[in-house]
Every structure is written in structure tokens, then in C-alpha cells.
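Let's walk through this model together, with the structure open beside the text.

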Amino acid sequence: MTRYALRVASVAAALGLWQLLTSLDVDLWLRFSQFPTVADVARAFADRLAGDDYWTDLTDSLTRIVTGFLLAAVLGVATGVLVARSRLAEDLLGPVLEIVRPIPAIALVPVAILLFPSNEQGIVFITFTAAFFPVTVSTRHAVRALSPGWEEAVRTMGGGRWRVLGSVVLPGALPGIFSGLSVGIGVSWICVISAEMISGQYGVGYRTWQDYTVVDYPGVFVGMVTIGVLGWATSTAVELLGHRLTRWLPRTSYVPAGRTRPVSAPQAAPAPAAPALPTGPEPEEARDEHLV
């Protein structure tokens, strides 16, 4: 409860500082007089919630994110496993992936406009591309880091290629896969908002850019807060799913500073056993065996 209270207090302190700086029109080096106050943003938020456009924008952005991200999760994991497990796939796909991977997904907007017949499909493509490469790279590294002894154990017991994949590769790589998924969902939000600003029709990014063009700054901050909350919610959902699917992993428990774990009382060492006394002459075979 103390940790949750601290988290709530940190958000409340940030909002209070924002309200104080903007209401006093503080202009030192940063010009807070140009910012709307927290009260202005709250009123604009309440007005948006009462209308239909806000919920339409929210639905469109979530649909684009979920579609692109699920495609990236499936194809990214499959590609990462394939490249990590097959030399032929690494030689054929590796160079292409490494050349395309450094290109920012938002830079592919002109390609999406030319390639796809509708803006909607182009935005989903941008979202897919943004999440695909983090998932692929994390999966590839996670699979390559697996101990070969696990696979050898399964093969020794008669397991084939698919048995190794289902029992060793995918379960062992799950922590790395979900690390890539957590990064991918965040990058997807960045790119889908940017794509909506450039070529979208409806969506949180599109509405935020329209508010900026008509100098509706409280509306701009409504869009920013919405994007932040949606990004936090989807990232948390991915992390919770990852924790649930990797419950078999050992978890590091948190110990506050200045506290020590209770140590059980030391047990008395067992008394040394008394040496056995000879009961008679050893047989000839026993003496020979002892000498050997």
C-alpha cells in the first residue's frame, strides 16, 4: 500500500507543479505562460468524453494498434526462431533484416502510401513494421542464448524437431520474447500516432494534429494524455501476460533497505560416527580388494 501511495503522490505532485507554473505564468527560460493549465485540460477532457468523435478516434487507434501488433508478434517470433535455428534462413533473411531494421518506421509512410490502396492499410503496415523488428531481434537473441544441453536431453529421450521447439525453444525463449513485445508495443504507439498525423482519417493522432492546427492547445494536451494512458495500459497488459506465461521462472524478491531476512537458528552439527571396530580377520578377497 505504501508503494501505491507513493506512485499516486508522484503523479499528484507533477500535476500540482504543472498547475502552479501555468497559473502563475512563469516565464524564466521555459515559457509556461503558453501552456494550458490542468483545469483547462480537465474541462476539455470532459467535453471530449461527452462527444462521439473522441470514442471514434479511440476505437480507430486501438484497432490499428491491435491489428499491427498481433501481426508483428506472430511473424516476429516466427522469423526470430527461424533465423536463430537455421543457417539457410540466416543467410537469406539476415542481410535484408539488418538493412531494413535501422530505417525508422515513420520514414516508411511514403512507401505505405504508394504501396497500399488505402490509408488504413498503410497505417497498420507502419504499426506492424514498428513492432516487428524489436520482437524479431529479441526472439533471435533469446533462442541463441539457450543452453544446448536442454535440446540434447530431449533428443536423447526420443524427441524430434517439433518436440524440441515446443518443449525447449519456445518456453526457454519466452522471457526474451516478451521483452521484445514490451518494447514493440511502445514503439507501435509512437509510430501509429505519427502516421495518423500525416495520413490518417480519424484516430487520436489525427485529432491531436487537427487541434494543433486550429490552436486548441487544451485539446492537444487531451490527445497527449490519451496517448500516454493507452500506451501505459497496453504495455502493462503485455507485461502481465508475460508474467503469467512465465510463472515457472524464479522471481527476485524485493527487500527494503535496512532490513534483513530472518535467519533460521543454526542446527547442531551431527556427532561424528564412531569408527567401526574390526570384528575378526578379514577374508583374503577383502584384503586384496582393499589394497587395490
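## Pockets, cavities and core

A good place to begin is the second largest pocket, which is lined by A78, V81, L82, R85, S86, R161, W162, L165 and V169. Two helices, α3 (52-85) and α8 (161-199), are the elements that give two or more residues to this lining. By class, the lining of the second largest pocket splits into six nonpolar residues, one polar and two charged. Its volume is about 260 Å³. Please keep in mind along the way that this is a predicted model.

How much can be read from the coordinates? The mean pLDDT of the protein is 83, and 86% of its residues reach 70 or more. The stretch to treat with care is residues 262-292, where pLDDT stays under 50. For that stretch the model has one contact beyond four places in sequence. Where pLDDT is low, the predicted coordinates should not be read in detail.

Now turn to the largest pocket, which holds about 400 Å³ of space. Around it you will find Y4, R7, V11, L15, W18, V38, V41, A42, F45, V225 and W232. At least two residues of this lining come from each of α1 (2-23), α2 (38-50) and α10 (217-245). Which of the elements gives the most to the lining of the largest pocket? That is α1, with five residues. The character of this lining is easy to state: 10 of its residues are nonpolar, none is polar and one is charged.

From the open spaces we can move to the enclosed ones. The structure holds three cavities of 30 Å³ or more. The largest cavity has a volume of about 70 Å³, and its lining is made of R48, Y54, D57, V204, R207, T208, D211, G219, V222, G223 and T226. Here α3, α9 (204-213) and α10 are the elements that give two or more residues. The lining of the largest cavity comprises three nonpolar, four polar and four charged residues.

The second largest cavity, with about 60 Å³ of space, is bordered by V109, A112, I113, S118, N119, G122, I123, I126, A195 and S199. Each of α5 (109-115), α6 (119-144) and α8 supplies at least two of the residues in this lining, and the largest share, four residues, comes from α6. Six residues of the lining of the second largest cavity are nonpolar and four are polar, with no charged residue among them.

One of these lining residues, I126, leads us on into the packing of the protein. The largest nonpolar core has 48 residues, and the members that touch the most others are I126, L181 and W189. At least two residues of this core come from each of α2, α3, α5, α6, α8 and α10. The largest share belongs to α8, with 14 residues. To see some of this packing up close, pick out L181: leaving aside neighbours within four places in sequence, L181 is in contact with F69, A73, V135 and V238.

W189 has a partner worth a look as well. S61, placed in helix α3, touches W189, E196, G203 and V204, not counting residues up to four places away in sequence. Is S61 buried or exposed? Its relative accessibility is 0%, so S61 counts as buried. Notice that V204, one of the residues touched by S61, also helps to line the largest cavity.

Helix α10 gives us another link across the chain. E239 lies in this helix, and its C-alpha is 6.7 Å from that of S182, although E239 and S182 are 57 residues apart in sequence. With a relative accessibility of 43%, E239 counts as partly exposed.

We can finish with the backbone at two loop positions. D25, in the loop between α1 and α2, has a positive phi of about 55° although D25 is not a glycine. This residue counts as partly exposed because its relative accessibility is 46%. V215, in the loop between α9 and α10, also has a positive phi without being a glycine, with a value near 60°. V215 has a relative accessible area of 53%, above the 50% cut-off, and is therefore exposed.

Note on methods: Residues numbered from 1 in each chain as written. Predicted model: local features only at pLDDT ≥ 70, side-chain atom pairs only at ≥ 80, totals over all residues. Heavy atoms only, no water. 1 Å grid on protein atoms, 1.4 Å probe; cavity = no way out; pocket = protein on both sides within 12 Å on 5 of 7 lines; lining within 4 Å. Points joined across faces, edges and corners; volume = space filled by probe spheres on them. Nonpolar A, V, L, I, M, F, W, Y, C, P; charged D, E, K, R; others polar. Buried < 20%, exposed > 50% of the residue type's maximum accessible area, 1.4 Å probe, protein only. Contact = heavy atoms within 4.5 Å. pLDDT = per-residue confidence, 0-100. Core = buried A, V, L, I, M, F, W, Y, C linked by side-chain atoms within 4.5 Å.
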